[in-house]
Amino acid sequence: MLKQRIITALILAPLVIAGIFLLPFPFFVIALAAITLIGFWEWTQFVDAKSRIVAMVVPAMTLGLSLVVIPSDVTALSTLTESHHGILFVGGIWWLIASTLAITYPSSVKLWSTSSWLKYFFGLLTLIPFFWSILMLRAVNYAENPYHGAKLVLLVCFLVWAADTGAYFSGKRFGKTKMAPAVSPNKTIEGLVGGALLAILITWGGATLMDIPFTSLSNLFIIAIITVIASVLGDLVESMFKRVSGIKDSGNILPGHGGILDRIDSLTAALPVFALLYLWVL
């Protein structure tokens, strides 16, 4: 299994980086929409829907409408970062709620586990802001520098990967205090701290090397810390939904890694939170 995970990661990471930087924006949007739809298809397992195909109608229509309203003129792409902040705000509020549900699990489960509609709505709140946050970051200063937004998206990916790596090794070495044992018994506070420290270092180094501006060094640290916490909680939230549904992996599309949701669970929280802080709050 470990060998499979490493091989898949070595293949997948360059493809992700190439897609972020090399795909023309319209094709990037289509590829991102496809990934989001696959993620929601996997989410329908949590919903107890009578028909998973019927359950896909709303997200498919929502993403289809999004493709229509996205400007085709490169010079107008900056409007994405000016007119859609509400989506990021909704995403930020959702992750506050979702994090509370995960931290207070299993006592919180009675509030939502018997409602298919709530679980369905939770999926939309998870994946639609994820989709739009990537587009909004990718579109930053696109007319002046088409790679500036790509570097922002990559920086968040590096941050999340560093947080996962740091949490794994520091948790193995120092982990004692369980973070949310009812949801994910292996996650510890010590692992979170180790992941946050490595992620802050990688974010600072990545922003410096890729010439990504932040209003101040303190803002960079604040954004990195909050995004790390969001990424960890995003992982916990998906683990909570899988545990309630009795599912180990969201899918098997990625050998050794499970499904799309299993790979983007941290990013579904980290990207909207990072975009909200970077583009709007700080």
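**Questions on a predicted model**

Biologist: Which strand is joined to β1 by two bridges, and how do the strands run?
Modeller: In this predicted model, strand β1 covers residues 178-180 and strand β2 covers residues 184-188. A hairpin of three residues connects β1 to β2. The partner of β1 is therefore β2, and by DSSP, which needs at least two bridges for a pair, the two bridges between them are enough. The strands run antiparallel.

Biologist: Which residue in β2 stands opposite K178?
Modeller: Strand β1 spans residues 178-180, and its partner β2 spans residues 184-188. The residue in β2 that faces K178 is T188.

Biologist: Which element of the protein chain has the lowest mean pLDDT?
Modeller: The protein chain averages a pLDDT of 87, and 91% of the residues score at least 70. Helix α9, residues 189-209, has the highest mean among the elements, at 94. Where pLDDT is low, the predicted coordinates should not be read in detail. The element with the lowest mean, 61, is helix α5, residues 80-83.

Biologist: How many salt bridges are there?
Modeller: Side chains of opposite charge can pair when their charged atoms come close. The cut-off used is 4 Å between a side-chain nitrogen of Lys or Arg and a carboxyl oxygen of Asp or Glu. K187 with D235 is one such pair, and D262 with K242 is another. The count is two.

Biologist: How far apart are the closest N and O atoms of K187 and D235?
Modeller: K187 forms a salt bridge with D235. The pair links distant parts of the chain, with K187 in strand β2 and D235 in helix α10, 48 residues apart. The closest N and O atoms are separated by 2.7 Å.

Biologist: Is D235 buried or exposed?
Modeller: A residue is buried when its relative accessible area is under 20%. K187 has 21%, so K187 is partly exposed. D235 has 17%, so D235 is buried.

Biologist: Which residue forms a salt bridge with D262?
Modeller: The closest N and O atoms of this pair are 2.8 Å apart. The pair links helix α11, which holds D262, to helix α10, with the two positions 20 residues apart along the chain. D262 is buried because its relative accessible area is 5%, and its partner is buried at 11%. That partner is K242.

Biologist: Which backbone oxygen does the side chain of S239 reach?
Modeller: S239 belongs to helix α10, residues 217-245. Its relative accessible area is 17%, so S239 counts as buried. The side chain of S239 comes to 3.0 Å from the backbone oxygen of D235.

Biologist: Which helix supplies the largest share of the nonpolar patch?
Modeller: The patch on the surface consists of F89, I93, L96, I97, W280 and V281, with about 590 Å² of accessible area together. Two helices, α6 (85-103) and α11 (260-281), each give at least two of its residues. The largest share is four residues, and it comes from α6.

Biologist: Why can I93 count as partly exposed?
Modeller: I93 sits in helix α6, as does I97. Partly exposed means between the limits of 20% and 50%. I97 falls in that range at 45%. I93 is partly exposed because its relative accessible area is 36%.

Biologist: What separates the C-alpha atoms of I97 and F130?
Modeller: I97 lies in helix α6. Along the chain, I97 and F130 are 33 residues apart. Their C-alpha atoms are separated by 16 Å.

Biologist: Which residue in the loop between α9 and α10 has a positive phi although it is not a glycine?
Modeller: F214 is in the loop between α9 and α10, and F214 is buried because its relative accessibility is 17%. The residue asked about is also placed in that loop, and its 61% relative accessibility makes it exposed. Its phi is about 55 degrees, and the residue is D211.

Biologist: Which residues does a cis peptide bond join?
Modeller: Omega at this bond is about 15 degrees. One of the two residues, P106, is found in the loop between α6 and α7 (116-138). The cis bond joins Y105 and P106.

Methods. Residues are numbered from 1 along each chain as its sequence is written. This is a predicted model: local features need pLDDT of at least 70, side-chain atom pairs count only at pLDDT 80 or more; totals for chains, interfaces and linings use all residues. Side-chain values use heavy atoms; hydrogens and water are left out. Patches are made of residues with over 30% relative accessible area and no salt bridge: like charges are joined within 9 Å, nonpolar side chains (Val, Leu, Ile, Met, Phe, Trp, Tyr) within 5 Å. Accessible areas come from the Shrake-Rupley method with a 1.4 Å probe; for residues, only the protein chains shown count as cover. Buried means under 20% relative accessible area, exposed over 50%, partly exposed in between (1.4 Å probe, protein chains only). A polar contact is a pair of N or O atoms within 3.5 Å; within protein, one must be able to donate a hydrogen and the other to accept it, and residues adjacent in sequence count only if both atoms are side-chain atoms. pLDDT is the predictor's confidence in each residue, from 0 to 100.
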